[in-house]
Amino acid sequence: MKQQDTKSIQFADIVIVKSALKRDRNLKVCIGLCLILISIGLLIAITRVFPTKTVYVLSVFLLLTGFTGLYFFLQGLFRYDIQCNYLLKLLLHQPDEVVWVYYRKVESSPFGIQLLKFTTLFICLRNRDFIALPMPEKQIRQLMDLLKLRLTSAAFGYSIQRSQLYDISPDLVGSEKDS
C-alpha cells in the first residue's frame, strides 16, 4: 500500500503537467475555431450588405482573421503531442536539464476593476530555452512542490539575482541555489 502511495505521489506532477498541456491545447483549438467561424460568418454577411469595393477591403481583414484562427487551430492539434513528449522526457529522463522553475502572475486591474488574471509556470532549461505553461495559481503551487522532489538540482522561485545569473550562464542558477 505504501509503495502505491509513493508511486501516485511520484507521478502526480506528471498528471498535473498533462492536464495543463491539454487545457492549453483545448484553448488554442477553441480560439482557432471561433476565429475561423466568425470570419466565415462575417464574410458571408458582408457580401449581402455592403457594396463590392467595401467587401473586398473587409474580406482581406476577415481572411487574415481566418488564417490566424487556422494557425491557432493547427497549433493546438499538432503541437500538443510534441510539447507533451518533450516536457515529459525532460521531467522523467533528463531532470538535470531543468535549472530554474518559477511562475509569473499577471493581473490587469484598470481603475481597480480586475479584468484579467492569469499565471504562467516557466521551466528554464540549461540550453537557455524555456517552457511556459499557463495554469491556475493553485495548481502551479501544487506542481512546484511536487517538482521540488523530482528536480533536485533546479532552483525554484523568481528573483532578480536568479534572472541575472540565468542571463549570464544557466549553470550559475543551480550553483546559486546551493550557496
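A residue counts as partly exposed when its relative accessible area falls between the buried range, under 20%, and the exposed range, over 50%. In this predicted model, Arg128 has a relative accessible area of 44%, so it lands in that middle class. Arg128 sits in the loop between β2 and β3. Its backbone is a little unusual to look at: phi is positive, about 70°, although Arg128 is not a glycine.

The two strands on either side of that loop belong to a sheet. Four strands make up this open sheet, lined up in the order β3-β2-β1-β4, and the pairing is mixed. At the edges are β3 (130-135) and β4, each of which pairs on one side only. As background, strands in a sheet are held to each other through backbone hydrogen bonds, and they can run parallel or antiparallel. Here β2 (residues 116-125) and β3 go for the antiparallel option, with six bridges between them. To pick out a single spot, Thr119 has Met135 as its bridge partner in β3.

Helices lie against this sheet. Helix α4 (residues 137-150) packs on it and touches β1, β2, β3 and β4, with a direction that makes about 170° with that of β1. Helix α3 (residues 52-93) lies across β2 and β3, and runs at about 105° to β3.

Then there is helix α2 (residues 12-49). How does its span compare with what is expected for 38 residues? At 1.5 Å a residue, α2 should span 56 Å, and its end C-alpha atoms are 55 Å apart, so the two values agree. The buried residues of α2 include Ile14, Val17, Leu21, Val29, Ile36 and Ile46. In general, an α-helix has 3.6 residues a turn, so residues three or four places apart point the same way.

Aromatic rings give the model another feature to follow. There are seven aromatic pairs. In one of them, the ring centres of Trp100 and Tyr102 are 4.5 Å apart and the planes meet at 35°, so this pair is tilted. Both partners are tucked away: Trp100 is buried at 2% relative accessibility, and Tyr102 is buried at 9%. Trp100 also pairs with Tyr158, this time in a stacked arrangement, with 5.7 Å from centre to centre and 20° between the planes. This second pair links distant parts of the chain, since Trp100 is in strand β1 (residues 98-108) while Tyr158 is in the loop between β4 (155-156) and α5 (160-168), 58 residues apart. Unlike buried Trp100, Tyr158 is partly exposed, with a relative accessible area of 46%. Zooming out, ring pairs join Trp100, Tyr102, Phe122, Phe130, Tyr158 and Tyr166 into a cluster.

Finally, what about the cysteines? A disulfide is a covalent bond between the sulfur atoms of two cysteines. The structure holds zero disulfides. For Cys34, the nearest cysteine sulfur is that of Cys30, 6.4 Å away. The cut-off for a disulfide is 2.5 Å between the sulfur atoms, and Cys34 is in no disulfide. Cys34 is partly exposed, at 46% relative accessibility, whereas Cys124 is buried, with a relative accessible area of 4%.

Notes. Residues are numbered from 1 along each chain as its sequence is written. This is a predicted model: local features need pLDDT of at least 70, side-chain atom pairs count only at pLDDT 80 or more; totals for chains, interfaces and linings use all residues. Side-chain values use heavy atoms; hydrogens and water are left out. Buried means under 20% relative accessible area, exposed over 50%, partly exposed in between (1.4 Å probe, protein chains only). Rings of Phe, Tyr and Trp (its six-membered ring) pair if their centres lie within 6.5 Å; planes under 30 degrees apart count as stacked, over 60 as edge-to-face and the rest as tilted. Two strands pair if DSSP finds at least two bridges between them. Contact means heavy atoms within 4.5 Å. Axes are lines fitted to C-alpha atoms, for helices over the stretch in contact, and angles run from 0 to 180 degrees between N-to-C directions. The expected span of a helix is 1.5 Å times one less than its number of residues.
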